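User: I would like to learn how to read the surroundings of a bound ligand and a few features of the chain. Could you take me through them one at a time?

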Amino acid sequence: MDKGLGGKTALVTGASRGIGRAIARRLAADGASIIIHCHQSRVAAEALAGELGSGQVVQADLGSVREIDAMFASLGAKKLDILVNNAGIWIGTPLGKTSAEDVDRILEVNIKSVFWVTQDALPLLNEGARIINISSVAGRVGVRGGRSLYGATKAAIDAFTRNWALELADRKILVNAVAPGYVTTDMTNEHFSDVEVRKRAIERSPLGKLGNAEEVADVVAFLCSHEARWITGQILNVSGGFVI
Ligand code: NAP
């Protein structure tokens with residue numbers, strides 16, 4: 001269903017694969033011009049740009065403030081109507097076995113990058129722009145397997161969402177988050193290659209299935225639409241009832 005984003009420009013981080021790519025496709029189908037951010041998957045990002053026709057590719061390791069600044073410098077004075085903070089990593093950080101490098105990396109990519117990207121995007125955002133942060137149900141519930149830091153990073157995203165909704169309200173910028181449950185992407189492929197793990201996750205889901213990236217992208221499109229103009233500071237679970 002076309003959400004009427006003609007004439008709007010959206011920057012989607014981590015749009016080369018998975019949920020970010022589905023969001024880019026969905027917003028483009030609704031008429032938006034997409035700035036496709038990637039890190040290592042440049043070829044996939046270029047392929048997506050070709051597919052979308054209107055796509056521009058920017059590349060940066062979001063774990064580096066220097067690279068984030070350089071990415072925004074490359075955008076010049078381009079105006080943005082939508083910022084989707086989607087890029088993220090999912091690594092195990094079990095207590096007693098986790099290196100300082102892994103702690104720094106997950107905090108840098110999942111928390112600090114979202115702060116810096118949003119801060120750098122501020123001068124480019126039009127009045128009435130939308131910021132959508134991709135959180136996770138893991139920010140609310142415990143997950144087995146040493147995922148405490150991942151969950152903590154997503155709880156931080158929820159806190160950013162509520163605070164920025166207040167901070168940016170005077171510019172009529174709406175800030176919301178989408179918190180997916182398990183979605184089949186490269187991020188979860190290895191985890192769900194274990195048949196028993198997959199079976200348990202499906203059994204735990206009231207709707208009896210894992211999610212797909214398009215089911216998340218459709219909700220992001222709604223939050224970017226005119227219909228969502230009275231919604232800000234919310235964290236919307238998109239998990240087939242995983243968190244009830
Ligand atoms: P994915 O398939 O692994 O894709 C991750 C994306 O993030 C890629 O486009 C990747 O870019 C980018 N990225 C990773 N590290 C980066 C870095 N250091 N700098 C810049 N970009 C980086 O993951 P996904 O499943 O689509 O997840 C997308 C978001 O949804 C994440 O925030 C994740 O936490 C959240 N989420 C996922 C699930 C799930 O079950 N899949 C559930 C809840 C929430 P390159 O490939 O170009 O390097």
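User: Which backbone atom of Ile19 lies by an oxygen atom of the ligand, and at what distance?

Analyst: Please keep in mind that this is a predicted model. A polar contact is read from a pair of N or O atoms within 3.5 Å. Here a backbone N or O atom of Ile19 lies 2.8 Å from an oxygen atom of the ligand, a polar side-chain atom of Ser16 lies 2.8 Å from a ligand oxygen atom, and for Gly14 the distance from a backbone N or O atom to an oxygen atom of the ligand is 3.1 Å.

User: How much of the ligand does the protein bury?

Analyst: The ligand taken alone exposes 890 Å², of which the protein buries 96%. The space that the ligand takes is the largest pocket.

User: Which elements give two or more residues to the shell around the ligand, and which gives the most?

Analyst: The elements that do so are α1 (18–29), β2 (33–38), α4 (100–121), α5 (148–167) and α6 (186–189), and the largest contribution, 3 residues, is that of α6. In total, 33 residues surround the ligand, and the closest are Arg17, Ser41, Asn86, Tyr150 and Thr185. Sorted by class, the shell holds 14 nonpolar, 14 polar and 5 charged residues.

User: Is Ala32 buried or exposed?

Analyst: A residue is called buried when its relative accessible area is under 20%. Ala32, which lies in the loop between α1 and β2, has a relative accessible area of 4% and is therefore buried. Its C-alpha atom is separated by 13 Å from that of Val220, although the two residues are 188 apart along the chain.

User: Why does Thr232 count as partly exposed?

Analyst: The class of partly exposed residues lies between the limits of 20% and 50%. Thr232 is placed there because its relative accessibility is 31%, and this residue is found in the loop between α8 (213–224) and β7 (235–238). Thr232 and Ile131 are 101 residues apart along the chain, while their C-alpha atoms are separated by 9.5 Å.

User: What should I notice about the phi of Lys172?

Analyst: As a general idea, most residues other than glycine have a negative phi. Lys172 is not a glycine, yet its phi is positive, at about 60°. The residue Lys172 has its place in the loop between α5 and β6 (174–180).

Note on methods: Residues are numbered from 1 along each chain as its sequence is written. This is a predicted model: local features need pLDDT of at least 70, side-chain atom pairs count only at pLDDT 80 or more; totals for chains, interfaces and linings use all residues. Side-chain values use heavy atoms; hydrogens and water are left out. A residue is near a molecule or strand if one of its heavy atoms lies within 4 Å of it. A polar contact is a pair of N or O atoms within 3.5 Å; within protein, one must be able to donate a hydrogen and the other to accept it, and residues adjacent in sequence count only if both atoms are side-chain atoms. Accessible areas come from the Shrake-Rupley method with a 1.4 Å probe; for residues, only the protein chains shown count as cover. On a 1 Å grid over the protein atoms alone, a cavity is a set of points where a 1.4 Å probe fits but cannot get out, and a pocket is an open set with protein on both sides within 12 Å along at least five of seven lines; lining residues have an atom within 4 Å of a point. A molecule sits in a cavity or pocket if more than half of its atoms lie within 2 Å of its grid points. Helices (H or I, at least four residues) and strands (E, at least two) are DSSP runs, numbered from the N terminus. Ala, Val, Leu, Ile, Met, Phe, Trp, Tyr, Cys and Pro count as nonpolar, Asp, Glu, Lys and Arg as charged, and the others, Gly among them, as polar. Buried means under 20% relative accessible area, exposed over 50%, partly exposed in between (1.4 Å probe, protein chains only).
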